[in-house]
Structures are given as C-alpha cells and as structure tokens.
Amino acid sequence: MKPTRRDYCQFILSSQINYTQTYFADHHPHFSHDAINRYLHDDNVTPEELWNSVKDIIEYDDDACLIFDDSVLDKNHAHKIDLVRLQYSGNAHRLIKGIGVVNCLYVNLRTGRYWVIDWRIYAPDEDHKTKLAHAKEMFDNAIHGKKLRFRTVLMDSWYATKELMKHIHASDKLFYCPLKSNRKVDDSGGEEPYKAVSELQWTSEQAAHGKLVKVHGFPGDFKLKLFRVAVENSRTEWIVTNDFSQNSTDGTREMCAVRWKIEQYHREVKQTLGIEKCQCRSARAQRNHIGCAMLVWVYLSELARALKKNIYSIKKEMLSSYMKQELKNPSVRMAHV
C-alpha cells in the first residue's frame with residue numbers, strides 16, 4: 001500500500017513525541033519506511049493547499065488584521081538536511097541551525113479567532129528572496145489573490161522597513177509595528193537632529209495619546225504616529241502606525257497585543273504537531289512535512305473550537321485514553337513483587 005497525504009497527516013495528529021518516518025513505519029501495519037519516504041518526496045503540499053483547507057472556515061470581517069512573523073524550526077543537530085541555515089531564533093535568543101518559515105495569520109478581532117492562511121520557506125540560496133520579500137508577496141496575495149477583507153497589518157520590528165510600511169500604506173491598509181530602540185526619528189518638525197526613539201522626551205499628553213514623528217530615511221511628507229508602550233517584564237516598545245485615528249496609548253497596546261496570537265500558533269504547531277522534528281534530508285520532504293503539520297493544525301484548531309477545548313487538551317486526552325486502556329488491560333503485566 002502507498003501512504004497518502006491523509007495517512008501522513010493522521011500520523012502527525014496521532015503521534016505524541018516522535019515524528020520520524022521510522023516511527024511511522026514501525027507503528028503502521030502496511031506502510032514501510034521506503035513507502036513513506038517516497039510519499040514525502042512525491043507530494044507537493046503548497047501554501048495554496050493550506051489556503052484551500054482554510055478559506056471556507058474563516059470568519060471574515062472588514063476590521064480583521066493580518067499578522068506577519070517568522071519562526072525558526074530548530075535543526076541544531078542536523079548535518080545534511082536541505083534548507084537548514086544558520087539564523088537568529090527569537091525563541092533561543094541566539095543563532096541556531098534551522099529552517100526559517102515566514103507565516104501569515106488572519107485574525108478576527110471581534111471573535112479573537114485566528115487562522116494560518118499562508119506560509120513561505122526562507123531559502124535565499126534557492127529563490128533569492130528575503131523574509132521581507134516573502135511578507136510583501138503574501139500581503140499582495142492576500143489582497144489581489146485571496147481577496148481578503150482586512151484593515152490592519154501587525155508586524156515585528158524585523159519587518160518595520162521603509163519599503164514595506166510604505167507599500168502597506170499605499171495599499172490603503174493600516175499597520176502597527178515596533179521600532180528598535182536605536183531607530184532614528186524626528187519629533188521636532190526638522191528643528192532638531194534625529195534621535196533614537198529611546199532618547200525622546202515625552203510630555204504627559206504625548207505619553208497618553210502619542211505624537212507625530214518622521215522616521216529617518218522616509219520622505220519628508222511621510223509622517224507616522226509614535227506611541228511609547230509599556231509591556232510585560234518592564235519592557236518598553238516604541239510603536240509606529242499610519243492609523244492617525246488612533247489617539248490612545250492603551251488602544252495601541254491592545255492592538256499590538258494581538259501579535260501574541262502568532263506566537264501562540266508557533267508554540268502549538270511545534271509542541272503538539274512536531275513541525276520541526278522531521279529528519280528527512282531533502283528540501284521537498286521537509287516542505288511536505290511542514291505543510292502537512294499546518295494542515296493538521298487547521299483541522300485540530302477547528303475541532304478544539306467545536307469541543308470547547310484547546311489543542312493541548314485534545315492531544316493529552318489521546319494519550320490518556322491509551323493510559324486508561326493499559327491500566328485496565330496491560331499489554332505488559334507487572335510480575336509479582
């Protein structure tokens with residue numbers, strides 16, 4: 001028998017700790033390691049396949065937002081896996097060997113629900129594209145290809161570039177993104193030199209309602225609104241936006257807090273679906289494993305909503321069922337002691 005995409009997704013859904021071809025073959029009565037390997041090399045799980053699986057279940061809204069962020073799939077012990085490159089991991093806070101994935105989430109702000117709708121592998125040696133180019137491509141596809149209804153784009157400081165912010169603005173969409181503390185801005189209307197955002201002075205009025213600034217390198221008439229936002233762990237973020245109707249630092253904080261949903265997605269797909277644990281060497285196999293893990297996440301997140309549970313509890317209950325059965329009728333019985 002030949003394994004299908006559904007079979008492989010079922011394996012990802014069912015497995016708890018091991019997501020290798022060997023483990024799959026050892027626990028399936030009909031699929032050999034070679035057959036599973038051939039499947040992973042022959043299939044082509046593209047971002048379009050993900051979109052087709054999710055487009056009919058999204059709760060669309062005109063005030064929805066897109067979130068762009070990347071995640072590094074840890075392959076620090078890999079030696080001959082394609083797509084692996086040395087890159088910075090925000091989770092590890094250092095350079096690690098891994099596969100970079102740029103993700104796009106659609107968030108309905110009214111319901112708080114979110115869906116992964118697009119993804120790209122960061123492989124500059126293969127396609128010569130930067131992470132910023134991937135984000136721009138997915139943004140354009142969301143508007144012109146998917147015809148998505150949304151109002152705002154949320155990004156990390158990595159994506160806070162002149163080109164991307166101007167592109168979003170020219171598309172009549174709003175953006176909120178943090179600036180790094182050393183980013184140069186001018187809040188004096190050209191009367192004083194540019195300063196790092198961390199060196200700006202704030203009146204009580206500005207602290208509560210933000211102020212207009214010109215970011216260094218931007219055209220003279222391209223002003224943005226800057227907010228100084230206190231976040232958890234006594235950190236400060238300097239948020240810029242082209243949403244001039246935003247007049248509240250608290251409102252800006254609430255909007256930017258939505259970015260946490262993509263971090264939640266990253267955790268779920270890593271911790272419960274083994275997206276970074278495939279050991280195949282070829283780029284095609286790695287792409288297919290990553291794509292299948294995302295397809296399973298879409299299914300599992302919908303199931304969790306229907307059951308009024310979370311993804312973690314569903315996976316845990318699967319293991320609990322096994323434990324109950326083993327205690328009731330052990331496959332290996334303890335000797336008398």
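Does E302 count as what at 17% relative accessibility, buried or exposed? E302 counts as buried; the views below, all taken from a predicted model, come back to this residue and then move on to other close-ups.

**View 1. R305 and E302 meet in a salt bridge within helix α11.** The N to O distance between the two side chains is 3.7 Å. Both residues belong to helix α11, which runs over residues 283–307. Because they are three residues apart there, about one helical turn separates them. The two partners don't share the same kind of setting: R305 is partly exposed, with a relative accessible area of 44%, whereas E302, at 17%, counts as buried.

**View 2. D43 reaches R5 across a gap in the sequence.** Here the closest N and O atoms of the salt bridge are 2.8 Å apart. This pair links distant parts of the chain, 38 residues apart. D43 sits in the loop between α3 (33–42) and α4 (47–54), while R5 is in helix α1, residues 5–14. On the accessibility side, D43 is buried, with a relative accessible area of 13%, and R5 is partly exposed at 23%.

**View 3. R120 pairs with E137, joining a strand to a helix.** The closest N and O atoms of this salt bridge lie 2.7 Å apart. R120 lies in strand β4 (residues 114–122) and E137 in helix α6 (residues 131–145), so the pair ties together parts that are 17 residues apart in sequence. R120 counts as buried at 12% relative accessibility; E137, with 28%, is partly exposed.

**View 4. The R120 and E137 pair belongs to a network of salt bridges.** Pull back a little from the previous view and the other members come in: D118, K129 and K146 are linked with R120 and E137. For the wider context, the salt bridge count for the model comes to 22.

**View 5. A nonpolar patch on the surface brings together L319, Y322, M323 and L327.** Together these four residues have about 450 Å² of accessible area. Take L319 as the one to look at: this leucine is found in helix α12, residues 311–328. How exposed is L319, in terms of relative accessible area? L319 is partly exposed, with a value of 45%.

Terms used:
Residues numbered from 1 in each chain as written. Predicted model: local features only at pLDDT ≥ 70, side-chain atom pairs only at ≥ 80, totals over all residues. Heavy atoms only, no water. Patch = residues over 30% accessible without salt bridge, like charges linked within 9 Å, V, L, I, M, F, W, Y side chains within 5 Å. Areas by Shrake-Rupley, 256 points an atom, 1.4 Å probe, with all protein chains shown as cover. Helix = DSSP H or I, 4+ residues; strand = E, 2+ residues; numbered from the N terminus. Buried < 20%, exposed > 50% of the residue type's maximum accessible area, 1.4 Å probe, protein only.
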